[in-house]
Amino acid sequence: MLGLAFAYLRDRSLTTALNILLLAISVAMLVLLVQFSSQMTSRLERDSQGIDLVVGAKGSPLQLILSSIFHVDQPTGNIPFDSLAMLRRDPAVRAAIPLALGDNFDGYRIVGTDASYVSFHGSKIDQGRMFETPMDAILGAAVARATGARLGQQFIGSHGLETEQADGQGHDHAPFETVGILAPSGTVLDRLILTSVESVWDVHGIDHDHREEPQGEHHHDHATGDQSQTTRGALEPELTAILVSYRNASGAIRIPSMINRQTDLQAATPAVETARLIALFGAGMEGARIFAWLLAATGGLAIFIALLTMARSREADLALLRVMGASKPQVFGTILLEGLITAASGAIFGLIGAHAALFIASRSFQTLGELGLNAFGFLPAELAIVGAVLLIGVLAALIPAALVFRINLARTLARTA
Amino acid sequence: MLLEIDNLHYSIDGKHIFSDFSLSVAERGHHLLVGPSGSGKTTLINLISGLLSPDKGMVSIAGRNIATVTEAERDRVRREYIGIIFQTLRLVSALDLSGNLLLAQRLSRGATDAPLIATLLDRMGIAHLANAKPYQMSQGEAQRAAIARALATRPRLLIADEPTSALDALNARQVAELLLQCASDFGVTLLVATHDDRLASVFPNRIVLAQQGGRAD
């Protein structure tokens, strides 16, 4: 009877195709929503894990979080280098990690930081070694894969944080050398190029040789001196942001307010900002989700109407099947199968379409690519969506199929014979 | 006897169609069931094929009284013993000719017999229409296809209800002769209900239905 169900569907191919399309669109929308929601949430949680506070220039706290933790937005500005030492001196601070942004290579952000940034994210060196001297660079796993870079190769960063923003000015005078490649960690580090803060300063011609090494900072060979004694004029060594992890709960009470009191600095709490982002995101998602389910219900209604019309117009056909020896359950099952096949086709095409859209989106939109959107991950919720759509198909076919039990064979045959 | 009807009573809305009607048809016999419109030819065919249940009496197919069994059992007897040809309702619309014959075999026997289908299509002169849909056939071709579909299940009793009334004289005669020839060749008992006088000369035996009851000539 499966072959017969397919034959009936082929017989009214246009209606079948439209019904499948309706369901496929709704399934694709629902899968995309589930995927975006799940991947965004887990990405936000994973990348911000362990970071209690971000200190940066005044501006939007959400922008500060997005640019410093997730590396998807523009920084709010720069902050004095001394802020790092101030935070590291605070007994409530367990770790303060400097970030200096400004350049990219092939669209991947070059981040000036220190070794603690790598260990903080639980990542480790897969090949080569950690950056030690200025212009040493280590590549995230995704960067190395995408650029095909190997150890010992040199590359030149471009000004700006994204390829489109690059002003075309390569820092030819200061090439980086790849000294290490990170193992894949599933964090933002996969998509970053890490180097020392001093490298970023050197690239931009910022003198830092006379600066005081912050407490606990790496052992780059700097001469100590007064901050004001910069030798190259107005360019002061600065940072873009500092990622802070508290030693104890008292830090959460005292440090943000202390930072926000300073005129140049703002403190943004990742937990608060990501929750706000998810809430903002969630409101839009909810609307889209309702629309997608309405679309699925419309698809179910279309199947119902198509099968009901079919069952009525083909009453003679169904009667002939019964005369040929098909039992009532067999004919009932054939119509039910038509609904199920339509729904299953819609679900399959929807799933394929959603994942293809994810793949294309991750390749086409840099921001999504930078977020590490995975097009080929399958979530249990997708199975639930498929199950629900199959159920819609079966329910839509139930009443038309039940008409089989009401067909009076002799009367139908007398009417049509 | 392949078909035995005894003391059959059947009425519709209080109107008696059959009262104490009896009939015996031997295996491999070829009979023409004739009578005017309203004489109950189609009703009798429906009672024989188990599409209707009699009010009283016995309808036995190959020794199995289908008057007293469940609908599922009547379906089974029809599936295994009977092939039916209608005037216009001939094939399942969504399937091509081969598909119709294969489906009929699968429903009846649970298996297909492609060589038999090829033989039947060849015999009916419609082998070239194996992949044609019903709407692509002429009336005469469709009726031959319906005969092939009914014979494809190797029935012991082939029933045709007004098989020629929609055909012109030439096609009607050809279809009647084809029915008789195939019934002989395949060893099938044939019962043709018609009000078409043109078939009287073709069939050796006639069963005449009056308003009530009937008799075999």
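An open sheet of 4 strands in chain B makes a good place to start: its order is β2-β1-β4-β5, with antiparallel pairing. Do keep in mind as you look around that this is a predicted model. From the sheet, the tour below moves to the contacts between chains B and A, and then to chain A, with its 14 helices and 13 strands.

**The sheet of chain B**

- The edges of the sheet are β2 (15-25) and β5 (64-65) of chain B, each of which pairs on one side only.
- Strand β1 (residues 3-12) of chain B is joined to β2(B) by 7 bridges, in the antiparallel sense.
- To find your place in that pairing, look for B:L3, which stands opposite B:V25 in β2(B).
- A helix comes into the picture too: α1(B) lies across β1, β2 and β4 (56-61) of chain B, and it runs at about 120° to β1(B).

**Where chain B meets chain A**

- On the chain B side, 23 residues are in contact with 20 residues of chain A.
- Three helices of chain B, α1 (41-48), α2 (71-81) and α3 (97-109), are the elements that give two or more residues to the side touching chain A.
- Which element gives the most to that side of chain B? It is α3(B), with 5 residues.
- Sorted by class, the side of chain B that touches chain A holds 12 nonpolar residues, alongside 7 polar and 4 charged ones.
- Note that α1(B) appears twice in this story, since the helix that lies across β1, β2 and β4 of chain B also gives residues to the side that touches chain A.

**Chain A: strands around β12**

- Strand β12 (residues 241-246) of chain A runs antiparallel to strand β1 (residues 53-57) of chain A, and 4 bridges join the two.
- Within this pair, A:V55 stands opposite A:I242 in β12(A).
- β12(A) also pairs with strand β3 (residues 93-105) of chain A, again in the antiparallel sense, over 6 bridges.
- Here A:A95 has A:S245 in β12(A) as its bridge partner.

**Chain A: overall picture and confidence**

- Chain A has 417 residues, and 43% of them count as buried.
- Among the contacts in chain A with a separation of 6 or more, 79% come from residues 24 or more positions apart.
- The average pLDDT of chain A is 84, and 88% of the residues score at least 70.
- Where does pLDDT stay under 50 in chain A? That stretch is residues 212-233, for which the model has 31 contacts beyond four places in sequence.

Definitions and conventions: Residues numbered from 1 in each chain as written. Chains lettered and ligands numbered in written order. Predicted model: local features only at pLDDT ≥ 70, side-chain atom pairs only at ≥ 80, totals over all residues. Contact = placed C-beta atoms within 7 Å. Nonpolar A, V, L, I, M, F, W, Y, C, P; charged D, E, K, R; others polar. Pairing = 2+ DSSP bridges. Axes fitted to C-alpha atoms, helices over the stretch in contact; angles between N-to-C directions. pLDDT = per-residue confidence, 0-100. Buried ≥ 20, exposed ≤ 12 C-beta atoms within 10 Å, placed from the backbone.
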